Amino acid sequence: MLKHTPVTTAPAVPADFGTDPLIAAMVEPLRNGTQHTVAQVAKVDLTIGGFDRMLAHSPTSTYPAVPANFGTDPLIAAMVEPLRQWRSGGSSAQFAHVGANR
C-alpha cells in the first residue's frame, strides 16, 4: 500500500458536472503545487439524477441463478411471485393468502 503509485487520470464524471469541489480543494493543490481556489459548485444535482435513473430503470424479468438443490426461496414465493402474477394480469386476491400465514 505504501509503495503504490497514485493514478494520474481523473475519474469519469457526467459531461455537465462542472468542477468537483472536493477534488479542487484537496487533490489539485497537492497535485499541481498551487494554492487553494474556490471551486465551482456542481451544476447537476447528482442525488436527484440518481433517483431519476433508478425510477426510469426497467426491471429485469429474468430469474437469478441459484444452486440446483436450493428449492423455493420463501421470500421470493411470498413477495416477488405474487407481484409478478399481479403484474401479468392475475387477481389482486393473491395477496390475501400471504398475510394470512403470519
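Trainee: Which residue caps the N-terminal end of H3?

Mentor: In this predicted model, the backbone nitrogen of leucine 75 has a side-chain oxygen 3.1 Å away. That oxygen belongs to the residue capping the N-terminal end of H3, aspartate 73.

Trainee: How many Å apart are the end C-alpha atoms of helix H3?

Mentor: Helix H3 covers residues 74-87, which gives 14 residues. At 1.5 Å a residue, the helix should span 20 Å. The model agrees with this expectation, because the end C-alpha atoms are separated by 20 Å.

Trainee: At which residue in H3 does a kink lie?

Mentor: The bend is about 35°. Its position is shortly before proline 82, at valine 80.

Trainee: Which residue just after H3 takes a positive phi?

Mentor: The phi in question is about 110°. The residue that takes this positive value just after H3 is glycine 89.

Trainee: Which side chains meet in a salt bridge?

Mentor: Side chains of opposite charge can pair when their charged atoms come close. The count for this model is one salt bridge. Its N to O distance is 3.0 Å, and the partners are glutamate 81 and arginine 84.

Trainee: By about how much of a helical turn are glutamate 81 and arginine 84 separated in helix H3?

Mentor: An α-helix has 3.6 residues a turn, so residues three or four places apart point the same way. Glutamate 81 and arginine 84 are three residues apart in helix H3, so their separation is about one helical turn.

Trainee: What is the relative accessible area of arginine 84, and is this residue buried or exposed, or in between?

Mentor: Its salt-bridge partner, glutamate 81, has 22% relative accessibility and therefore counts as partly exposed. The class of partly exposed residues lies between the cut-offs of 20% and 50%. Arginine 84 also falls in this class, as partly exposed, with a relative accessible area of 26%.

Trainee: Is phenylalanine 17 buried or exposed?

Mentor: Phenylalanine 17 lies in the segment before H1. A residue is buried when its relative accessible area is under 20%. Phenylalanine 17 has 8% relative accessibility and so counts as buried.

Trainee: What distance separates the C-alpha atoms of phenylalanine 17 and leucine 46?

Mentor: Along the chain, phenylalanine 17 and leucine 46 are 29 residues apart. In space, their C-alpha atoms are separated by 8.6 Å.

Trainee: Which residue follows H1?

Mentor: Helix H1 comprises residues 21-32, and its end C-alpha atoms are 16 Å apart, in agreement with the expected span. The residue that follows has a positive phi near 70° and is glycine 33.

Trainee: How many helices does the protein have?

Mentor: The elements run α-α-α-α from the N terminus on. There are zero strands, and the number of helices is four.

Conventions:
Residues numbered from 1 in each chain as written. Predicted model: local features only at pLDDT ≥ 70, side-chain atom pairs only at ≥ 80, totals over all residues. Heavy atoms only, no water. Helix = DSSP H or I, 4+ residues; strand = E, 2+ residues; numbered from the N terminus. Expected span 1.5 Å × (residues − 1). Bend = angle between axes of the 7 residues up to and from the residue. Polar contact = N/O pair within 3.5 Å; in protein donor to acceptor, adjacent residues only side chain to side chain. Salt bridge = Lys/Arg side-chain N within 4 Å of Asp/Glu carboxyl O. Buried < 20%, exposed > 50% of the residue type's maximum accessible area, 1.4 Å probe, protein only.
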